[in-house]
Amino acid sequence: MSATAIPSATNPTPHRPPGPRGLPWLGTSFMASRDSTKTLTRWARDYGDIVYYHFLDFHFYVLFHPQHIEQVLLGKTGNFIKGLTSRANPELFGNGLLTSDGDFWRRQRRLSNPAFHRESLARYADITVEEAAKLTESWKDGEKRNIHNDMMNVTLRIVLRSLFGADLREHMRVIEPALEAIMISSTGFNSIAFFLRIPTPTRKLHFLAVQKLNDIVYGLIASGREKLKSAEAAPRDGSGAKDLLTLLLTARDDEGNSMSDQQLRDEVITLLLAGHETTALNLSWTWYLLAQNPEVEQKLHAELDAVLGTRPPTVSDLPKLQYTDRVIRETLRLYPPAWRVFRRTEEPFQVGDYLLPAGSNIVLSQWVTQRDPRWFTEPERFNPDRWSEEAAAKLPRFAYFPFGGGPRVCIGAGFAMMEAILLLATIAQRYRIRLAPHQRVEPLASITLRPKKGIRVTLEERMRAPISSDRTSGAKVHSA
Ligand code: HEM
């Protein structure tokens with residue numbers, strides 16, 4: 001990859017960076033290619049740090065350099081908006097945190113922040129360890145499984161219980177296929193057809209799925225309001241801890257206004273979609289990488305044995321599970337579940353040698369930047385030790401941004417890290433995950449980066465169920 005020249009008086013500002021031409025009139029899009037991550041990597045290699053392409057009337061600039069990424073993510077508030085690409089699906093996300101902009105987004109972010117404070121995270125940690133333990137108790141030594149399905153299932157249970165405070169077993173049968181239909185409609189050519197509003201069968205199934213999710217979520221909002229009205233309202237578990245929906249239902253802005261049902265629906269569905277598959281993918285890719293790197297796996301087991309012995313982890317173990325944390329961070333570098341981010345400039349934007357016109361679409365790619373050899377030695381190697389404090393401090397800011405950055409940084413980053421570390425610790429304590437032979441595990445770059453056909457594995461028991469004098473207190477959460 002070539003570095004971008006610094007603009008100077010003798011170097012006039014051209015308007016159009018190099019990039020693939022694509023077809024006349026239509027142009028091109030990495031989203032329509034068979035392998036979007038490979039296409040983006042090739043563009044970075046062939047054209048440099050700033051790449052231009054167009055698709056129909058939409059003009060895109062892909063920025064690969066950390067300094068340019070910083071300019072966008074920390075740029076003047078209001079200049080870089082989510083824009084058209086993330087509004088391609090208003091029926092699904094509505095005006096939720098992920099897609100809204102301006103003062104409305106700021107208000108919603110302020111209202112939602114308390115749901116992600118430390119006390120709330122401690123409660124979600126409790127749920128995480130319980131669900132991880134339930135999963136491993138259902139497994140058997142020598143069993144063959146698709147580990148990605150297991151991770152999708154367990155993270156869905158965790159996010160649903162964290163959101164609604166209840167085990168929604170009967171709803172899972174509707175929610176799981178609905179989420180699957182939504183994911184299919186946002187993959188490859190389906191996503192282009194969706195963007196262009198072409199009436200395909202996939203599109204029809206997508207809207208049916210959104211309707212089903214709406215029915216469930218509006219029902220849960222109504223019963224949440226009812227419960228709040230009644231005497232036993234919140235707190236539900238007697239410890240002052242509340243589920244996410246209750247926190248959003250009771251949130252008030254500076255004028256004392258609360259969220260409408262429609263707004264609650266948009267936020268809840270956004271959290272469900274943003275918080276479920278991303279964490280599942282982080283774990284699925286972790287198992288994939290661990291199975292191929294036995295020396296890393298050994299170090300992980302050594303830490304778990306030293307810190308936890310035979311008892312289940314709790315949230316207060318998190319500061320001690322440093323290597324476990326590094327394993328998760330390193331997986332997020334190599335297989336970032338959110339592998340690209342879109343923005344639109346509201347004003348002209350000077351970046352490197354180029355002045356991009358207002359209305360330009362900007363693409364940042366975690367996949368490409370986080371594998372760039374300029375910032376990461378042996379970038380393809382799974383090496384959690386690169387996250388030691390000393391080594392990590394040498395990295396340029398935004399060479400690594402799996403959770404985005406700046407004001408629009410992932411609101412669930414703390415939740416996701418806690419959840420991933422505790423899931424990994426609880427499961428790896430009991431089981432080794434071995435890859436089934438004769439399979440090609442390939443990333444499929446859809447909205448998220450998924451293993452195309454899942455990951456088939458064989459389970460190998462390391463330890464019987466963790467022993468604790470009292471199972472519930474074993475999984476109990478103390479404030480970190
Ligand atoms: C490994 C797991 C996760 C990854 C990799 C991830 C990644 C990201 C990224 C890259 C963004 C920024 C998008 C942008 O700038 O356009 C984002 C935003 C967001 N994420 Fe996450 N996320 C994860 C887990 C979660 C969880 C667990 C939740 C909630 C329960 C969540 C909720 C959100 C929301 C609501 C936003 C929008 C925030 C805003 O714009 O104010 N995410 N996430």
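**Briefing: ligand shell, strand pair and backbone outliers**

At 8% relative accessibility, Phe398 counts as buried. This residue belongs to a predicted model, and Phe398 sits in the loop between H16 and H17. The loop between helix H16 (389-393) and helix H17 (413-430) also holds Cys410, which is the single protein donor to the iron atom of the ligand. The points below cover the ligand, the residues with positive phi, and a strand hairpin.

**Iron and its donor**

- The SG atom of Cys410 lies 2.3 Å from the iron atom of the ligand, and the protein supplies no other donor to this iron.
- Cys410 is also among the residues that come nearest to the ligand, together with Lys82, Trp105, Arg109 and Arg343, out of 24 residues around it.

**Polar contacts with the ligand**

- The side chain of Lys82 places an N or O atom 2.7 Å from an oxygen atom of the ligand.
- For Arg343, the distance between a side-chain N or O atom and an oxygen atom of the ligand is 2.8 Å.
- Arg408 likewise has a polar side-chain atom 2.8 Å from an oxygen atom of the ligand.
- Two or more residues of the shell come from each of helix H5 (102-112), helix H12 (261-292) and strand E5 (341-345).

**Composition of the shell**

- Helix H12 makes the highest contribution to the shell around the ligand, giving five residues.
- By residue class, the shell consists of 14 nonpolar, six polar and four charged residues.

**Non-glycine residues with positive phi**

- Phe398 is not a glycine, yet its phi is positive, at about 70 degrees.
- Glu378, which is not a glycine either, has a positive phi of about 45 degrees.
- Glu378 is located in the loop between helix H15 (366-369) and H16.
- With a relative accessible area of 49%, Glu378 is partly exposed, whereas Phe398 is buried.

**The E1–E2 hairpin**

- Strand E1 (residues 50-55) runs antiparallel to strand E2 (residues 58-63), and six bridges join the two.
- Within this pairing, Val51 has Val62 of E2 as its bridge partner.
- Two residues separate E1 from E2 in the hairpin, and Leu56 in the turn has a positive phi of about 50 degrees.
- E1 is mostly covered, with six of its six residues buried.
- In a regular strand, side chains alternate between the two faces of the sheet.
- On one side of E1, Ile50, Tyr52 and His54 are buried, and on the other side Val51, Tyr53 and Phe55 are buried, so that both faces are covered.

Conventions:
Residues are numbered from 1 along each chain as its sequence is written. This is a predicted model: local features need pLDDT of at least 70, side-chain atom pairs count only at pLDDT 80 or more; totals for chains, interfaces and linings use all residues. Side-chain values use heavy atoms; hydrogens and water are left out. A residue is near a molecule or strand if one of its heavy atoms lies within 4 Å of it. A polar contact is a pair of N or O atoms within 3.5 Å; within protein, one must be able to donate a hydrogen and the other to accept it, and residues adjacent in sequence count only if both atoms are side-chain atoms. Helices (H or I, at least four residues) and strands (E, at least two) are DSSP runs, numbered from the N terminus. Ala, Val, Leu, Ile, Met, Phe, Trp, Tyr, Cys and Pro count as nonpolar, Asp, Glu, Lys and Arg as charged, and the others, Gly among them, as polar. Donors are N, O and S atoms within 2.8 Å of the metal (3.2 Å for Na, K and Ca); water is not among the atoms, so sites may look incomplete. Buried means under 20% relative accessible area, exposed over 50%, partly exposed in between (1.4 Å probe, protein chains only). Two strands pair if DSSP finds at least two bridges between them.
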